[in-house]
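Subject: Structure handover

Hello,

Here is the structure I promised to pass on to you. Please open it next to this message, and the notes below will take you through what turned up.

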Amino acid sequence: LDDARTVPYSAITPQQTLNELNPPKTALAERSAPLHWAEADMIDDNELNEILWLAIKGTQPPAPTRSYFGR
């Protein structure tokens with residue numbers, strides 16, 4: 001048996017260019033523009049999460065749920 005640490009692998013070539021940007025002047029780009037990107041904790045988490053959900057899923061995000069695990 002070959003040792004797994006010495007078996008070569010085949011790298012997967014990315015299908016997208018690494019320099020590709022999202023198109024400007026879209027509704028989500030305009031919603032993202034006023035966010036304060038200088039510091040991560042300055043961004044409104046709820047707004048950014050909704051923008052990301054819409055960009056990835058293309059649908060309205062579900063209503064937030066709260067969980068409490070305690071005694």
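How much space lies in the largest pocket? The answer is about 200 Å³. Please keep in mind that this is a predicted model.

The pockets

The lining of the largest pocket is made up of Asn22, Pro23, Pro24, Thr26, Leu28, Ala29, Ser32, Ile51, Leu52 and Ala55. Sorted by class, that gives seven nonpolar and three polar residues, with no charged ones. Helices H1 and H2 (45–57) each contribute at least two residues to this lining.

For the second largest pocket, the volume comes to about 170 Å³. Around this second pocket you will find Asn46, Asn49, Glu50, Trp53, Pro61, Pro62, Pro64 and Arg66. Here the lining splits into four nonpolar, two polar and two charged residues.

Ser32

One lining residue of the largest pocket, Ser32, may be worth a look in your viewer. Ser32 belongs to helix H1, which covers residues 27–32. Is Ser32 buried or exposed? Its relative accessibility is 17%, so Ser32 counts as buried, the cut-off being under 20%. A polar atom of the Ser32 side chain sits 2.9 Å from the backbone oxygen of Leu28. Leaving aside residues up to four places away in sequence, Ser32 touches Trp37 and Ile51.

The salt bridges

The count of salt bridges is two. In one of them, the side chains of Arg31 and Glu47 meet at 2.9 Å, N to O. Because Arg31 is in helix H1 and Glu47 in helix H2, this pair ties together parts that are 16 residues apart in sequence. Arg31 also meets the side chain of Glu50 in a salt bridge, at 3.4 Å, N to O. Glu50 lies in helix H2 and Arg31 in helix H1, so this pair ties together parts 19 residues apart in sequence. Arg31, Glu47 and Glu50 are thus linked in a network of salt bridges.

How accessible are these three? Arg31 is partly exposed at 26% relative accessibility. Glu47 is also partly exposed, with a relative accessible area of 22%, and Glu50, at 27%, is partly exposed too. Glu50 appears in the lining of the second largest pocket as well.

The loop

Finally, Ala40 is found in the loop between H1 and H2. With a relative accessible area of 61%, Ala40 is exposed. From Ala40 to Thr17 there are 23 residues in sequence and 26 Å in space, C-alpha to C-alpha.

Happy browsing, and best wishes!

Conventions: Residues are numbered from 1 along each chain as its sequence is written. This is a predicted model: local features need pLDDT of at least 70, side-chain atom pairs count only at pLDDT 80 or more; totals for chains, interfaces and linings use all residues. Side-chain values use heavy atoms; hydrogens and water are left out. Helices (H or I, at least four residues) and strands (E, at least two) are DSSP runs, numbered from the N terminus. Buried means under 20% relative accessible area, exposed over 50%, partly exposed in between (1.4 Å probe, protein chains only). A polar contact is a pair of N or O atoms within 3.5 Å; within protein, one must be able to donate a hydrogen and the other to accept it, and residues adjacent in sequence count only if both atoms are side-chain atoms. Contact means heavy atoms within 4.5 Å. On a 1 Å grid over the protein atoms alone, a cavity is a set of points where a 1.4 Å probe fits but cannot get out, and a pocket is an open set with protein on both sides within 12 Å along at least five of seven lines; lining residues have an atom within 4 Å of a point. Grid points are joined across faces, edges and corners, and a volume is the space filled by probe spheres set on the points. Ala, Val, Leu, Ile, Met, Phe, Trp, Tyr, Cys and Pro count as nonpolar, Asp, Glu, Lys and Arg as charged, and the others, Gly among them, as polar. A salt bridge is a side-chain nitrogen of Lys or Arg within 4 Å of a carboxyl oxygen of Asp or Glu.
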